[in-house]
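Please summarise the fold, the packing and the aromatic contacts of the chain shown here. Plain text with one table will do.

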Amino acid sequence: MSPNLHPMLNVAIKAARAAGAIINRAALDVEAIRISQKQVNDFVTEVDHASEQAIIETLLTAYPGHGILAEESGSEHGAKDSEFVWIIDPLDGTTNFIHGFPVYCVSIALTSRGKVEQAVVYDPSRNDLFTATRGRGAYMNDRRLRVSKRTRLQECLISTGFPFRPGDNFKNYLAMMADLMPRTAGLRRPGAAALDLAYVAAGFTDGFFETGLQPWDVAAGSLLVTEAGGLVGNLTGEADFMEQKECLAANPKIYGQLVPLLAKYSKFASAGEKAALRQTLTAPGATSPSAPAPAPARPKDADSAAP
């Protein structure tokens, strides 16, 4: 670990690597892992719990006066009244993990008075370490990150997450995808929101949107994006999104093009926008809330396969 890194970030990296070691060992025999279900299609494994315990022990050994907000144990550990709170997802992408699909990560963020100050997203299967300290930039391993420079949505690769819980608005999501698919080079659904945000920061994708997210899904990744020069907010483009269960991130030019397309799907959309959307979604034979412009010619390097 670099001596130039912020001490709190160094501790977070140590915690993430400890969790990653647990995850990598378990990945050698996924079939042997005990799995339980929090709700339909929402899984938790003994690996999530062991990873979370290793992270919390590492953080609280170094900073016993700090608070903890973790996906599996909530706020039962750490100080209850500290201005410093660690937000932890010990294994983002659990469903991928239990299927042996190697897209998952550890996400750790430190907030001070509600603002994310330190961030680590660690992909143990690739040994990719994404880090950021507020005001000091974002890095992948030792490489400084910048969001992509693409300015035309039709050339962009956008990642998202599909709804999977009972009560999720599937019709809304299908309409969102119908709006976006003809306007982009492709949509992707990797299945780990923290890693999706890290990939926006690295310029691997040009944007990301999803609803139904929790603070531990987006806290670390959001700092990576902003420190790499991108923008993060809710679907209407407002920056105060952490507790709002919807997230949009992209490079600035693409963010400005995605907000007008996605704002009507936000729970913060105006009453008029919501009424118009309901009308189009319930119209006989409606497949998209607005007939998109004819699909532009794809760039030569675009995927020809279905996203």
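The report below goes from the whole chain to the sheet, the cores and the aromatic rings.

This is a predicted model, in which local features need pLDDT of at least 70 and side-chain atom pairs count only at pLDDT 80 or more, while totals for chains, interfaces and linings use all residues. Residues are numbered from 1 along each chain as its sequence is written, and side-chain values use heavy atoms, with hydrogens and water left out.

**Whole chain**

The chain has 8 helices and 14 strands, taken as DSSP runs numbered from the N terminus (helices H or I, at least four residues; strands E, at least two). Of its 307 residues, 52% are buried, meaning under 20% relative accessible area with a 1.4 Å probe and protein chains only; over 50% is exposed and anything in between is partly exposed. About 14000 Å² is exposed by the chain, and 54% of that comes from carbon and sulfur atoms; these areas follow the Shrake-Rupley method with a 1.4 Å probe. Among contacts (heavy atoms within 4.5 Å) with a separation of 6 or more, 61% join residues 24 or more positions apart.

**Sheet and helices**

Seven strands form an open sheet with mixed pairing, in the order β3-β4-β5-β6-β7-β8-β9. Strands count as paired if DSSP finds at least two bridges between them. At the edges are β3 (67-70) and β9 (143-144), each of which pairs on one side only. The β6 and β7 pairing is antiparallel and spans 6 bridges; Tyr122 has Leu129 of β7 as its bridge partner.

Two helices lie across β4, β5, β6 and β7, as tabulated. Angles run from 0 to 180 degrees between N-to-C directions, with axes fitted to C-alpha atoms, for helices over the stretch in contact.

| Helix | Strands crossed | Angle to β6 |
|---|---|---|
| α1 (residues 7-27) | β4, β5, β6, β7 | about 30 degrees |
| α5 | β4, β5, β6, β7 | about 100 degrees |

Helix α4 (residues 170-180) has several buried residues, including Tyr173, Met176, Met177 and Leu180. The buried residues of α4 pack against β10 (157-160), β11 (186-188), β12 (207-211), α7 (252-262) and α8 (271-282).

**Nonpolar cores**

A nonpolar core is a set of buried Ala, Val, Leu, Ile, Met, Phe, Trp, Tyr and Cys residues joined through side-chain atoms within 4.5 Å. The largest has 38 residues, and Val121, Phe130, Leu145, Leu195, Leu224 and Cys247 have the most contacts inside it. Elements that each supply at least two residues to this core include β5 (105-112), β6 (115-123), β7 (128-133), α6 (215-227) and β14 (246-250). Its largest share, 9 residues, is from α5. A second, separate core of 34 residues includes Met8, Ile13, Ile23 and Val106.

Beyond its neighbours within four places in sequence, Cys247 has contacts that include Leu197, Phe208, Phe209, Val218, Val232 and Phe241.

**Aromatic rings**

Rings of Phe, Tyr and Trp (its six-membered ring) pair if their centres lie within 6.5 Å; planes under 30 degrees apart count as stacked, over 60 as edge-to-face and the rest as tilted. The count comes to 5 aromatic pairs. Phe130 and Tyr199 make a tilted pair, 6.2 Å centre to centre with 50 degrees between the planes. Because Phe130 lies in strand β7 and Tyr199 in helix α5, this pair ties together parts that are 69 residues apart in sequence. Both Phe130 and Tyr199 are buried. The ring centres of Tyr199 and Phe204 are 5.0 Å apart with planes at 75 degrees, so that pair is edge-to-face. Phe204 counts as partly exposed, at 37% relative accessibility. Phe130, Tyr199 and Phe204 form one aromatic cluster.
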